[in-house]
Amino acid sequence: MKSAPATTLKRGLSLPLATLYGLGTTIGAGIFALIGKVAGHAGLFAPISFLVAAALATFTALSFAELCARYPHSAGEAVYVEVGLRSPTLALFIGLLVIAAGCASAAAILNGAAGYVGDLVPVQRGLAILALTVSLALLAIWGIRESVMVASLLTVVEVATLAFVVVAAAPDPAELKQRIPAAIPPFDIGVWHGIFLGALLAFYAFIGFEDMVNVAEEVQEVRRNLPLAIILTLVVTTGLYMALSVVCVLAVPPSELAVSEAPMALIVTRSTGASPVVISLISLLALLNGALVQIIMVSRILYGLSRRQRLHPTLGKVHPRTQTPIIATVLGTVVVLMLALWFPIEPLAQAASLVMLTVFATVNLALWQLKRREPAPAGVPVFPAWVPAIGFVVSAAFVVAAALQFVGAHWLAQE
């Protein structure tokens with residue numbers, strides 16, 4: 001008697017849904033919760049921090065676009081490293097790093113969301129985080145198409161909100177022309193040090209395209225749609241972030257942005273005099289959207305590693321009705337909840353950025369090695385070998401610089 005075939009993931013994501021999924025995981029916390037922190041480091045030069053972060057992300061995004069078409073599987077980063085660098089042990093380590101970064105990222109977003117909840121209603125922070133996390137886990141378990149449809153709706157709302165903030169907070173053209181020279185940074189080490197620190201945080205705002213590869217087994221016409229969705233996500237987010245960061249630092253002093261728990265509400269209130277309730281609610285929904293897709297991503301990596309016999313087979317089980325990996329989702333959610341309750345947003349975001357930069361450097365190196373050994377299959381977008389080479393150098397340089405910054409800050413604290 002033949003055993004029943006194992007339940008597989010459902011291919012329910014079209015190109016628009018895949019792109020909205022990417023925008024949902026990218027746009028949330030980076031702008032709605034962290035723009036004030038970036039401004040606190042870079043001051044009026046916060047837009048330069050976002051520009052540096054976008055340039056850093058571009059090379060790696062193109063590498064991911066090619067790799068996800070070559071190997072359209074869950075636990076994408078681990079797969080890429082295993083086939084590119086021929087090291088199953090390193091591949092497992094990279095997969096675990098991505099899980100750690102995803103959990104830290106979701107925890108950072110939930111911390112930001114708790115700030116907006118507190119801006120709306122008097123509630124204890126820990127209780128708010130618990131309720132939000134459990135609700136997102138249940139939505140992720142419900143089904144990939146259903147959860148991404150909800151995320152897509154929230155994404156449309158948050159993009160429209162960001163566009164509204166840009167229009168509402170933008171100075172008139174004459175004033176903008178007069179003030180732009182002040183936003184051009186001088187050749188000063190101290191200024192660029194602040195810009196670099198801001199860029200490290202701003203880079204977190206671009207994390208998301210790598211999450212998209214982990215739903216590859218749920219994307220329709222994956223070799224065409226997923227690379228295109230990654231590129232569209234990067235283009236849209238870069239344009240939005242640059243426009244928004246410019247008007248934010250012109251509308252509100254960076255020192256005030258840096259200490260605000262709800263920076264978007266502050267900007268709208270200062271620019272229009274409107275009540276902050278609506279913008280706080282929309283900002284909260286945007287943050288929850290980002291946390292939702294992070295939880296989905298973590299569960300898919302656990303699932304993918306299990307299916308490749310790298311983790312316990314229980315994590316690879318898919319529920320026959322929801323067609324989602326429920327056990328993997330619950331495990332990832334528990335880790336996210338613990339991190340969100342124990343750590344504040346900024347160190348979580350910094351940790352996620354550093355871990356993902358390490359992953360990016362390794363994945364770029366894997367693609368560079370692959371290009372040396374074998375041609376891409378037909379139908380796969382191919383980028384020049386210097387794209388992953390530059391992606392590796394830039395990502396590795398940021399890791400080293402950030403590590404030196406951390407050591408220096410720790411040494412000063414000991415003095």
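A salt bridge is counted here where a side-chain nitrogen of Lys or Arg comes within 4 Å of a carboxyl oxygen of Asp or Glu. The structure is a predicted model, in which local features need pLDDT of at least 70 and side-chain atom pairs count only at pLDDT 80 or more, while totals for chains, interfaces and linings use all residues. Residues are numbered from 1 along each chain as its sequence is written, and side-chain values use heavy atoms, with hydrogens and water left out.

By the salt-bridge rule, the count comes to five. One of them joins the side chains of Glu82 and Arg310, with 2.6 Å from N to O. Glu82 lies in helix H4 and Arg310 in the loop between H14 and H15, so this pair ties together parts that are 228 residues apart in sequence. Helices (H or I, at least four residues) and strands (E, at least two) are DSSP runs, numbered from the N terminus. Glu82 also forms a salt bridge with Arg308, where the closest N and O atoms are 3.5 Å apart. Because Glu82 belongs to helix H4 (residues 76-85) and Arg308 to the loop between H14 and helix H15 (326-342), this second pair ties together parts that are 226 residues apart in sequence.

How far these side chains are covered can be read from their relative accessible areas, for which buried means under 20%, exposed over 50%, and partly exposed in between, with a 1.4 Å probe and protein chains only. Glu82 is buried, with a relative accessible area of 17%, whereas Arg308 counts as partly exposed at 27% and Arg310 counts as partly exposed at 28%.

The loop between H14 and H15 holds further residues to look at. Gln309 lies in this loop and has a positive phi of about 60°, although it is not a glycine; with a relative accessible area of 63%, Gln309 is exposed. Gln323, which lies in the loop between H14 and H15 as well, has a positive phi of about 55° although it is not a glycine, and Gln323 counts as partly exposed at 25% relative accessibility.

Another salt bridge is found within a helix. Glu66 pairs with Arg70, the closest N and O atoms being 3.1 Å apart, and both residues lie in helix H3 (residues 46-70), four residues apart, which is about one turn of the helix. Glu66 is buried, with a relative accessible area of 0%, and Arg70 counts as buried at 6%. Together with Lys371, Glu66 and Arg70 are linked in a network of salt bridges. Helix H3 is also the place of Ala53, which counts as buried at 0% relative accessibility. The C-alpha atoms of Ala53 and Leu285, which are 232 residues apart along the chain, are separated by 25 Å.

The interior can also be searched for enclosed space. On a 1 Å grid over the protein atoms alone, a cavity is a set of points where a 1.4 Å probe fits but cannot get out, and its lining residues have an atom within 4 Å of a point. Grid points are joined across faces, edges and corners, and a volume is the space filled by probe spheres set on the points. By this rule the count comes to two cavities of 30 Å³ or more, and the second largest has a volume of about 30 Å³. Residues that line the second largest cavity include Ala101, Gly102, Ser105, Ile207, Glu210 and Asp211. Two or more residues of this lining come from each of helix H5 (88-120), helix H10 (209-212), helix H14 (276-307) and helix H16 (345-373), and H5 gives the largest share, three residues. By class, the lining of the second largest cavity has five nonpolar, three polar and two charged residues.

On the outside, Val121, Val123, Leu127, Leu130, Val134 and Leu138 make a nonpolar surface patch of about 500 Å². Such a patch is made of residues with over 30% relative accessible area and no salt bridge, with nonpolar side chains (Val, Leu, Ile, Met, Phe, Trp, Tyr) joined within 5 Å; accessible areas come from the Shrake-Rupley method with a 1.4 Å probe. Within the patch, Leu127 lies in helix H6 (residues 125-142) and is exposed, with a relative accessible area of 52%.

Notes. 1 Å grid on protein atoms, 1.4 Å probe; cavity = no way out; pocket = protein on both sides within 12 Å on 5 of 7 lines; lining within 4 Å. Nonpolar A, V, L, I, M, F, W, Y, C, P; charged D, E, K, R; others polar. Patch = residues over 30% accessible without salt bridge, like charges linked within 9 Å, V, L, I, M, F, W, Y side chains within 5 Å.
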